[in-house]
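Colleague: I have a few questions about how this fold holds together. Could you walk me through them?

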Amino acid sequence: MLALSKLPAVTWASYVEGMAAGESLARPAARCGVCVKTSWFMRMRVLEAMRSQLQPMRGGDGVSAQADELYLNESFSGRRSGMPRGPHANGHGARSRGISSLKVAVAVVNDLGNCTAVLAARGRPGAEQIRAGLAPARVAGSEVSTDMHSSCDAPLAEAGAASHNRYGAADAGEDELDMVNALHERLRGFLWRFRGVSTRRLQRYLWWFCWEEHARRSDASREAMLRSHVANGSYVSTRRDLEEEPQPFWDFWESRDESDVSNLA
């Protein structure tokens, strides 16, 4: 990654120091002598390097995994034109009750040390979306626990899960889905600190979260790990690719006529 960058290694070293400490975009930008937009672009590149270093999940005999969906409000943060709905006004809630088409689902899998998180669907995911969400997880031979969502049955069977245990809210005890529920809370807390992550960039921040989950169990410091990633990692997206990155699940808005959109605003 360093070999392809116009910025010197010392600038990257200073930048990842700020990322490891949880700094906003502006602080490392000022320290590194770059503009905030360049700081954002550097962050996107580091996130791709993080993704390349994510460890695969464990699987097989004796491994127990838990899978569930987390529903997040769709965000158009950073979008300056082409908004399909009006902005949310200050003092008014942006939340909708239940599982709404205005929310996006993140499929999360955890197994005592490894996790995956994939932006999978709008609203309640079907079997195809759950299949995509399970793709990075290795559940072959594992015992997998989920809620009562029946769309998990076929994807888990195809993935080779040894068993599929389904639990409803009434019969789930303290242990059945505790790992994935705790992971949900940590993920919400992680995203909250950014004060609004655009759904268009959400998958990149999910990589970051999974990397953080791995890093907190490592003996190496976050800064040392990031320095290594920047030195040895790679990225795929160019600046133009990032600028032209589409909003996920945009077909929902394309299918709405103007009156529907105004009612949803």
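Modeller: Happily! One definition to begin: a salt bridge is a side-chain nitrogen of Lys or Arg within 4 Å of a carboxyl oxygen of Asp or Glu. Please keep in mind that this is a predicted model.

Colleague: Thanks! Then how far apart, N to O, are the side chains of arginine 31 and glutamate 23?

Modeller: Arginine 31 is partly exposed at 38% relative accessibility, while glutamate 23 counts as buried, because its 17% is under the 20% limit. Their side chains meet in a salt bridge, with an N to O distance of 3.0 Å.

Colleague: How many residues apart in sequence are the parts that glutamate 243 and lysine 37 tie together?

Modeller: These two side chains form a salt bridge at 3.8 Å, N to O. Glutamate 243 sits in helix 9 (residues 239–243) and lysine 37 in helix 3, so the parts they tie together are 206 residues apart in sequence.

Colleague: And are these two buried or exposed, starting with glutamate 243 and then lysine 37?

Modeller: Glutamate 243 has a relative accessible area of 44%, so it falls in the class between 20% and 50%, partly exposed. Lysine 37 has 53%, which is over 50%, so lysine 37 is exposed.

Colleague: Which residues are joined into one network by salt bridges that share partners?

Modeller: Start from arginine 204 and glutamate 48, whose side chains meet at 3.0 Å, N to O. This pair links helix 7 to helix 3 across 156 residues. Shared partners extend the picture to a network of Glu48, Arg201, Arg204 and Glu245.

Colleague: Are arginine 204 and glutamate 48 buried or exposed?

Modeller: Arginine 204 has 6% relative accessibility, and glutamate 48 has 9%. Both values are under 20%, so arginine 204 and glutamate 48 count as buried.

Colleague: Turning to the nonpolar side, which helix gives the most to the largest core?

Modeller: That core holds 44 residues, and Val46, Val106, Leu202, Tyr205 and Trp208 touch the most other members. With eight residues, the top contributor is helix 7 (residues 202–215).

Colleague: Why do the buried residues of helix 8 lie on the same side?

Modeller: The buried residues in helix 8 (residues 222–232) are Met225, Leu226, His229 and Val230. They share a side of helix 8 because they cover an arc of only 135° around the axis.

Colleague: Last one: which helices are included in what covers those buried residues of helix 8?

Modeller: The cover of the buried residues in helix 8 includes helix 1 (9–20), helix 3 (36–52) and helix 7.

Technical notes:
Residues numbered from 1 in each chain as written. Predicted model: local features only at pLDDT ≥ 70, side-chain atom pairs only at ≥ 80, totals over all residues. Heavy atoms only, no water. Core = buried A, V, L, I, M, F, W, Y, C linked by side-chain atoms within 4.5 Å. Buried < 20%, exposed > 50% of the residue type's maximum accessible area, 1.4 Å probe, protein only. Helix = DSSP H or I, 4+ residues; strand = E, 2+ residues; numbered from the N terminus. Arc of directions from axis to C-beta. Contact = heavy atoms within 4.5 Å.
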